[in-house]
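User: I would like to learn how to read a structure of this kind, feature by feature. Could we go through it together?

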Amino acid sequence: MARIGVFVCHCGENISATVDCGKVAETIGKLKHVALSTEYKYMCSDPGQTLIKEAIKEHNLTGVVVSACSPRMHEPTFRKACAEGGLNPFLCEMANLREHCSWVHDKGDLTTEKAIDIVRTQVEKVKLNSALQPIKVPVTKTAMVIGGGIAGIQSALDIANTGHKVIMIERSPSIGGHMSQLSETFPTLDCSQCILTPRMVEVAQHPNITLYTYAEVESVEGFIGNFKVKVRKKAKSLDEKACTGCGLCITKCPQKKIPNEFEQGMGMRPSIYVPFPQAVPNRPVIDREHCTYYIKGKCKVCEIVCPTKAIRFDQPDEILELEIGAIVVATGFDIKHADFFPEYGYGKYKDIIDGLQFERLASASGPTSGEIRRPSDGQVPKNIVFIACAGSRDPAKGIAYCSKICCMYTAKHAMLYKHKVHEGRAHIFYMDIRSGGKNYDEFVRRAIEEDHVNYIRGRVSTVFERDGKLIVKGVDTLLGAQPVEIVADMVVLATAGVANSGAEDLAQKLHVSYDSHKFFAEAHPKLKPVETNTAGIFLAGACQNPKDIPDAVSQASGAAVKVAALFSQSELTREPLVAVVNRYAPPFYSTCVGCFLCQSVCPYQAIEREDFKTRDGKVVKTVAKINEGLCQGCGTCVALCRSKSIDLYGYSNNQVYTEVMALLNEY
Amino acid sequence: MKFGIYPGCSLTGSARDYNESVFALAEAFGLDFEQIPDWNCCGATAAHNLNKELSLALPARILALAEKNSLEEIIVPCAACYSRLVVTQHELKKNPELKNRISEVIEMDYRGTSQILNVIAWIDKYIIPKLDDKIVKPFNYKVACYYGCLLVRPDKVLNYDRPEDPQTMDIVMSKIGATPVDYPYKTECCGAGFSISRTDIVSKLSGKIIEDAEHRGADAIIVACPMCHSNLDMRRPDINKYWKTEYKIPVIFVTQAIGLAIGLPAQKIGLKRHFVEVNIS
């Protein structure tokens, strides 16, 4: 016979201020099968837990109901206490008297009555709980890092340095990401490439890291510790082993008019190319979309000049099938491009550029070798205007969020300009200066005070060209909303940071949730910032939201630690609160009729088909089977099952029914 | 097919030229109009500054009359009337309680089913498809297309063209052979209703709009709003006095420009009614 122990917690005054805890304990104590009902000020404290442990032994309890807060925080605490008291942890339930009752109602008899009702449902439920054993799953100790920007690089190196294997996938021909495009970095103005390229080389040379560039994730199946990932290695049209990286093919390629992605379209590249001189790997790829041979069927100049005969025009894409234990998503971000801002003239006038284009202009390896020269005629601009928040914090443009990095990089841009063009004038239109970060505000002050950058607080309404000059019309809200008009030679827009192209597609392949802006969603905004809602998949860098290099690197290391912690176990333990399809002896096998409606609604692809065969191998029945490793216990299949063949451990139909009946019945 | 037309006050008064050109175009393209019977004032700027219910009831009555007369599509050439009608339809659509209240006020059944077209949308839908065969004199001029405020804003309600750098009129003009100049003053304020009370403000604002069009070598400013037209055309002497200039650039309704391109006589499309002489043919 059931012997239930009920422990009513005051939660300091959180519960007892509105609920009469004494009366709750007393009333519940009179119920059938309740062996003990008691109250305590802090049930989660050490003495509170000891109370539970000792009561289990003393009263030989078969079930425990802790009537306290939401199970979100303390269910593991009390389950552990029960286990230590000798009770199977899954025979412990929590009645939520705080969030569901005391916090949302005023003090009074009705509130106490509701509390009693809540506890009663759990007492009835726990009687039907069964002792469950945790599920064990094996772990493949190889991590996959998707994206080879600074976040991916940091994560990969950190994981690799703990001794585990890492496979890095990068869709462009080189790793390095946006950081490789930057000139100098705030707030120290150290050269971006100088601090990045050694780390890129480290990735390529690390014995634990396998690097696949020009490769994309094709599909992801499986679950934490046991992912099966298909990767498409796009054909580089090159035998990488034979190629020495001499670059002769690049210089001889007759097609030289393709906008250079790395230079943000401000330079040209040939069809066979290496994105930038420090690229890793430093081997070219053929851009088949633009290559004359692939378009017209003849040319092959690269093949003719290659001293090692490394060109392979007929090379097919290759599909790699990889066994992966954990995935770090580090696919980065992009910035808003043309047509987003017709009133700012971007895309219409050549001398209106975006922040990344300015980085290339300011970079020593850029199209102007680091001299600030405007794209239209190569002149050095005497008057330059930077517009912060071009799209960000502008719900009318569909982007309500702050892109976070623009205040700082705009200050840096203005500073770099002043350092290179001493007699020039730099103006910045801004909404607010958001410079939270170590040495960040000091950096902005330096731009204002030492480099005399003219900060104007206000928005720009329009930018247009007149007589070869750019007219920037805006407002100075610190001067009583005075209209301001600046005649500029060049305008730089700090356009909003947005999710990278393909982010949505990848999120769907990974079964990871994402927000309305297509940024990947973390499992908890504060306490689980690197986890996703899919176990074993972690986030690093700007794929989550726009962030600067220090933040991206910190998060990348955080994700690496999560992976290392996962790989420190030989097998994983999962809560056994999963769905199960019933099984009976032959000839029934199961009440499941094999309609597989459950399979189509399962959000975790956890439902498989199981065949029952006779001894001679003839299939007599096909029914659904739950993969315990994948099932998250959401219960969708249970609700949908037409023959009531599926049930959820810990939340069976019968248990839920009993809870409802407890509320309907008098006590 | 029969459309409803809502002329509003201006098309029967100061913008008779506009009205004549709209009707001339309709006739030339075989399109039939029926004026909404017993139409009333749209409320313009006055009503919605004074009384919200009134500002919705006036346009709602117009729309209800159109519905009663089975006019599924209504063309509203005046940008201000267009704005009031669309805003009313929008407000009453999202608030059924208010819709019932307004129905009570106007003592008429209002469903909100009429399609409201501004003049450019109407041209786009019914004139452009038949235009090519009709053009006899391509409009070979450089033009500055001036949209003003109410044709494209508020963006969320009208959902017509992009609010800051609209294109529809430029596209229409290029279809009749014109070359639209890159014109940043497209949606700058002309002074609107200050036309009556503060001509100095209108002179200042409209002057800038004209100056930039002249500076960019435009042969004409093209408009689709009676208020814009009267500020840029009728107030030209005040503008020239204020800025000490002698701007002569004509201001032409988009319907007049199309009329010229298909060979309609200047008289018929109201070109003789302008204050600034139209030396374009």
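**Reading domains, burial and helix contacts**

Analyst: The model is predicted, and a convenient place to begin is the domain assignment of chain B, which gives domain 1 (2-117) and domain 2 (134-273).

User: How far apart do the C-alpha centres of domain 1 and domain 2 of chain B lie, and how many residues does each domain bring to the contact?

Analyst: The C-alpha centres of these two domains of chain B are 24 Å apart, and their contact draws 22 residues from domain 1 and 23 residues from domain 2. On the domain 1 side, α1 (8-12), α2 (16-28) and α5 (79-94) of chain B each contribute at least two residues, and the largest share, nine residues, belongs to α2(B). By class, that side of domain 1 of chain B holds 13 nonpolar, six polar and three charged residues.

User: Which radius of gyration would a compact globule with 281 residues have, and what does chain B have?

Analyst: A compact globule with 281 residues would have a radius of gyration near 19 Å, and because chain B has 18 Å, the value agrees with that expectation. The C-alpha trace of chain B spans about 55 × 45 × 30 Å along its principal axes, and the chain contains 14 helices and eight strands. Of its 281 residues, 49% count as buried, while 78% of the contacts between residues at least 6 apart in sequence join residues at least 24 apart.

User: Turning to a single element, is helix α12 of chain B mostly covered or mostly uncovered?

Analyst: A helix has a regular repeat: with 3.6 residues a turn, residues three or four places apart point the same way. In chain B, helix α12 (residues 226-234) is mostly covered, with eight of its nine residues buried. The buried residues are Pro226(B), Met227(B), Cys228(B), His229(B), Ser230(B), Asn231(B), Leu232(B) and Asp233(B).

User: How should I read a pair of helices, and at what angle do the axes of α12 and α13 of chain A cross?

Analyst: It helps to take the geometry before the residues. In chain A, the axes of helix α12 (residues 406-420) and helix α13 (residues 440-449) come within 9 Å and cross at roughly 35 degrees, and the crossing is left-handed. From α12(A), Met408(A), Ala411(A), Ala414(A) and Met415(A) meet Tyr440(A), Phe443(A), Val444(A) and Ala447(A) of α13(A). This contact comprises eight nonpolar, no polar and no charged residues.

User: What domains does chain A have, and how far apart are the centres of domain 4 and domain 5?

Analyst: Chain A is divided into domain 1 (4-132), domain 2 (142-234 + 317-332 + 511-567), domain 3 (248-305), domain 4 (334-498) and domain 5 (579-649). The C-alpha centres of domain 4 and domain 5 of chain A lie 60 Å apart.

User: For one residue, where is Glu610(A) placed, and why does it count as partly exposed?

Analyst: Glu610(A) belongs to strand β32 (residues 607-613) of chain A. Glu610(A) is partly exposed because 16 other C-beta atoms lie within 10 Å, a count between the limits of 12 or fewer for exposed and 20 or more for buried. Leaving aside residues up to four places away in sequence, Glu610(A) touches Thr622(A), Val623(A) and Lys625(A). With Lys625(A), the separation is 15 residues in sequence and 6.1 Å in space, C-alpha to C-alpha.

Key: Residues are numbered from 1 along each chain as its sequence is written. Chains are lettered from A and ligands numbered from 1 in the order in which they are written. This is a predicted model: local features need pLDDT of at least 70, side-chain atom pairs count only at pLDDT 80 or more; totals for chains, interfaces and linings use all residues. Domain bounds come from an automatic or database domain assignment. Helices (H or I, at least four residues) and strands (E, at least two) are DSSP runs, numbered from the N terminus. Axes are lines fitted to C-alpha atoms, for helices over the stretch in contact, and angles run from 0 to 180 degrees between N-to-C directions. A crossing is left-handed if the near helix is turned anticlockwise from the far one by less than a right angle, and right-handed if clockwise. Two residues are in contact if their C-beta atoms, placed from the backbone, lie within 7 Å. Ala, Val, Leu, Ile, Met, Phe, Trp, Tyr, Cys and Pro count as nonpolar, Asp, Glu, Lys and Arg as charged, and the others, Gly among them, as polar. The radius of gyration is taken over C-alpha atoms; the globule rule is 2.2 Å times the number of residues to the power 0.38.
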